[in-house]
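This report considers the packing and the empty space of one protein model, going from its open and enclosed spaces to its nonpolar cores and to a single side chain.

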Amino acid sequence: MKPSYTLSCIERAITFLANALANDTVPALEDIAAASGLSKFHFHRLYRLATGETCVQTITRLRLAKATHSLRDPETNVTTAAFTAGYGSSQAFAKAFRKITNTTASTVRTDDERLAEILETLAMPFEISETTIPPLRIELARLDPFEVITLRTDGRYPKLNDHYNALFNAAEGPENVHAILGQPFDDIGGDGPAPIRFDCALKLETVPGDLASPFSRNTIVGGYFLLTRHVGAYDDLPEAIDRLYRAALLDTQIIPADRPLLFHYLDDPESTAEPDLRTDLYLAVEAPTTANT
């Protein structure tokens, strides 16, 4: 069976990462994303879903495996093993080694059996816990371009109440608000670049003419989207987003577009019970196709 476009991109990222580490280079996350050919808005989540671990975890695991393998040579000390694996100091290596193995490199370096066990553990992706949520209905939707007013945040997600309140004040009254929106530019709930950028946004009936900084006018690019509706707490959105991305990951016809996710909050959390909150999630795709879940 032909692999999906996104899976092929993840394979390119893994090859790039493995070659870089083999040449004693630790690639930057943005370079890995660029090598994959996937949009930076989607790469980190798709990588995690496809491999079972984040890019950071893969790099850590492979570097620790390289250093641990070096320790099997009785002539190699811990400092040399650390530098061999690309660590800047033996202290940095020791901290990472202890975090993963719950022991020290000095303790196990003369224990061949324990070193073999550690290498076997490092040969597999780190375990990422899975949570069970109800299946999501995913459909294809089309949106026309529309204008919004936005307020950018960095490192504030999910504490956004003050920002949305500020937007409502700028909108000159709730009666002028047509839709409450949001755009995450990074992997919410994952291990993507920090801090997470999130744009709070409102679609208005009439945009005020005197809109000033820190607010800005922006256009949501139209086109085709994979659409799913999440019902429940906002804290559970990362799991719902994972389900949406899995549809893109496994479908051979879907190519995620180079645009961030779009959230459409359909209810007011101050007047709607948390289990009943509805959020529509839009993932832009390059070409129309049918998504099956």
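Helix α9 (161-170) makes the greatest contribution to the lining of the largest pocket, giving 4 residues, and the elements that supply two or more residues to this lining are α9 and α10. Helices here are DSSP runs (H or I, at least four residues), numbered from the N terminus. The model is a predicted one, in which local features need pLDDT of at least 70 and side-chain atom pairs count only at pLDDT 80 or more, while totals for chains, interfaces and linings use all residues. Residues are numbered from 1 along each chain as its sequence is written, and side-chain values use heavy atoms, with hydrogens and water left out.

Both kinds of space were sought on a 1 Å grid over the protein atoms alone: a cavity is a set of points where a 1.4 Å probe fits but cannot get out, a pocket is an open set with protein on both sides within 12 Å along at least five of seven lines, and lining residues have an atom within 4 Å of a point. Grid points are joined across faces, edges and corners, and a volume is the space filled by probe spheres set on the points. In the classes below, Ala, Val, Leu, Ile, Met, Phe, Trp, Tyr, Cys and Pro count as nonpolar, Asp, Glu, Lys and Arg as charged, and the others, Gly among them, as polar.

| Space | Volume | Lining by class |
|---|---|---|
| Largest pocket | about 650 Å³ | 13 nonpolar, 3 polar, 5 charged residues |
| Largest cavity | about 40 Å³ | 6 nonpolar, no polar, 3 charged residues |

Of the 21 residues lining the largest pocket, Leu-160, Asn-161, Tyr-164, Tyr-234 and Pro-269 lie nearest its centre. The whole structure holds 2 cavities of 30 Å³ or more, and the lining of the largest cavity includes Phe-41, Arg-45, Asp-186 and Tyr-245.

The largest nonpolar core (buried Ala, Val, Leu, Ile, Met, Phe, Trp, Tyr and Cys residues joined through side-chain atoms within 4.5 Å; buried meaning under 20% relative accessible area, exposed over 50%, partly exposed in between, with a 1.4 Å probe and protein chains only) has 48 residues, and Phe-43 and Leu-167 are among those with the most contacts inside it. Helix α10 (residues 237-250) provides the largest share of this core, 8 residues. Apart from it lies another core of 17 residues, including Phe-93 and Leu-115.

Phe-83, found in helix α5 (residues 78-84), counts as partly exposed because its relative accessibility is 48%.
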